[in-house]
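Visitor: I should like to discuss the charged pairs and the surface of this structure. May we begin with the pairs?

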Amino acid sequence: MRSLYVAGDTWLHRLKPAIKLTALAVFAVAVFATRSPVVPGAALVLAAFVYFGLGQPLRSAMRPLLPILLTVAVVALFNLIVNSADEALLTLLRLSALVLMAAAVTATTGISDFIDTIAAAARPLERAGLVKASDIGLAVGLVIRFVPEILARYQAIREAHAARGLAVRPSTLLGPLVIQTLKDADSIAAAIDARGIRVNEQKSRGFPKEAAMNTRDLVLVALFAAIIVVLGLVPPIMLPFNVPISAQTLGVMLAGVILGAKRGALAPVLVIILVAIGLPVLSGGRGGLAVFAGPTVGFLIGWVPGAYVTGQIAERFGKPAMEALPQTLGFFAASVIGGIVVVYLFGVGYLAFGAGLGLSKAFMGSLAFIPGDLIKAAIAALAGRAVMVGYPLLPHRA
């Protein structure tokens, strides 16, 4: 995974990441503080001057932004059709300005600087015994390690299916893929503990409490974050009427169904951190802070509560001895409620109010994606059942 960071020595490169992030937040507030197009128009000119003044070739500068700007244009066009030209212009100016300025911050801030800033922000939580700030860097490294391993294992299983004359279907492939990768994750967790990496680091800092998450849980969270990233590499499937669906929300459902609520929710949190530090881990090669300025950021943020709710419901069906049909149906219901309903609450909510579409119009515009999400929920349920039989991890909640 190649970072979106652009090497250089401009004034923006030299600014501390915390100052840049604070300035970006102030910039966002200013852009949304007025309904006059003058302020966001001026902000767009400023953001374009900053971003394109970093010295990148135009094609290189535009490549990571095209998927996001295309989404902005589609939302603005939809606004033009269902609302008014003024509303469409305001949406276009606001979101484009934010995308460009956020991209400028991403392009001038290295991954290690981002991680250090996030770790510093996590220090209060560390003092409360809720999280270890140093685990953030370790988790990021584990995800980067897991991605090529998952791809290699997927190819091996696919070739084994072909050699036996078996059709390659997601419902029959995901279970073995996840189970084999889980076994590797346990070996990695044991190796980390055997070397005393986390224990020694904790003692050196004088932590009075045990880590909030054991090493095995940390590795599992990183593994499912990697699975979400890998699913973003799957080309979108076209439904009737040219409606594309990506596979990444399937990873969110799988995290909840297989890991449960707490660990499952942390996997998309880690993916969001990877996006924020400038790694193009979302479908279409999207990444960087510009993603958070796009009109679909609500769906991305919704992955976290979506995985948590999926896990909460799935844990009620977590008995390994439960019969196949009721357990699979329970996992399907969990995936639908958490992975679709909850995620859409956040995604449609932001489209309605952040992008100015209005609730009913934003909801109607999202309906075309529900059939594809129902297919993903069914696949997640079948894979969850296969893992429950072969390598159960899901906590049981009465």
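Visitor: Which residue meets D373 in a salt bridge?

Guide: In this predicted model, the closest N-to-O approach of the pair is 2.8 Å, which is within the 4 Å cut-off because a salt bridge requires no more than that. D373 and its partner both lie in helix α18 (residues 370-390), three residues apart, about one turn of the helix. Both residues are buried. The partner of D373 is K376.

Visitor: How many residues apart in sequence are the parts tied together by R35 and E87?

Guide: R35 forms a salt bridge with E87, with the closest N and O atoms 2.5 Å apart. R35 lies in the loop between α2 (17-32) and α3 (38-52), whereas E87 belongs to helix α6 (residues 85-107), so the parts tied together are separated in sequence by 52 residues.

Visitor: Is E87 buried or exposed?

Guide: The cut-off for a buried residue is under 20% relative accessible area. E87 has 14% relative accessibility, and therefore it counts as buried.

Visitor: Which helix contributes the largest share of the nonpolar patch?

Guide: The patch covers about 430 Å² and is made by I301, I337, V341, L345 and F346. I301 has its place in helix α15 (residues 297-314), and at 34% relative accessibility it counts as partly exposed. The largest share, four residues, comes from helix α16.

Visitor: What is the handedness of the crossing of α13 and α15?

Guide: The axes of helix α13 (residues 248-259) and α15 come within 7 Å and cross at roughly 40 degrees. That angle makes α13 oblique to α15. The crossing is right-handed.

Notes
Residues are numbered from 1 along each chain as its sequence is written. This is a predicted model: local features need pLDDT of at least 70, side-chain atom pairs count only at pLDDT 80 or more; totals for chains, interfaces and linings use all residues. Side-chain values use heavy atoms; hydrogens and water are left out. Patches are made of residues with over 30% relative accessible area and no salt bridge: like charges are joined within 9 Å, nonpolar side chains (Val, Leu, Ile, Met, Phe, Trp, Tyr) within 5 Å. Accessible areas come from the Shrake-Rupley method with a 1.4 Å probe; for residues, only the protein chains shown count as cover. A salt bridge is a side-chain nitrogen of Lys or Arg within 4 Å of a carboxyl oxygen of Asp or Glu. Helices (H or I, at least four residues) and strands (E, at least two) are DSSP runs, numbered from the N terminus. Buried means under 20% relative accessible area, exposed over 50%, partly exposed in between (1.4 Å probe, protein chains only). Axes are lines fitted to C-alpha atoms, for helices over the stretch in contact, and angles run from 0 to 180 degrees between N-to-C directions. Angles under 35 degrees count as roughly parallel, over 145 as roughly antiparallel, 65 to 115 as roughly perpendicular and the rest as oblique. A crossing is left-handed if the near helix is turned anticlockwise from the far one by less than a right angle, and right-handed if clockwise.
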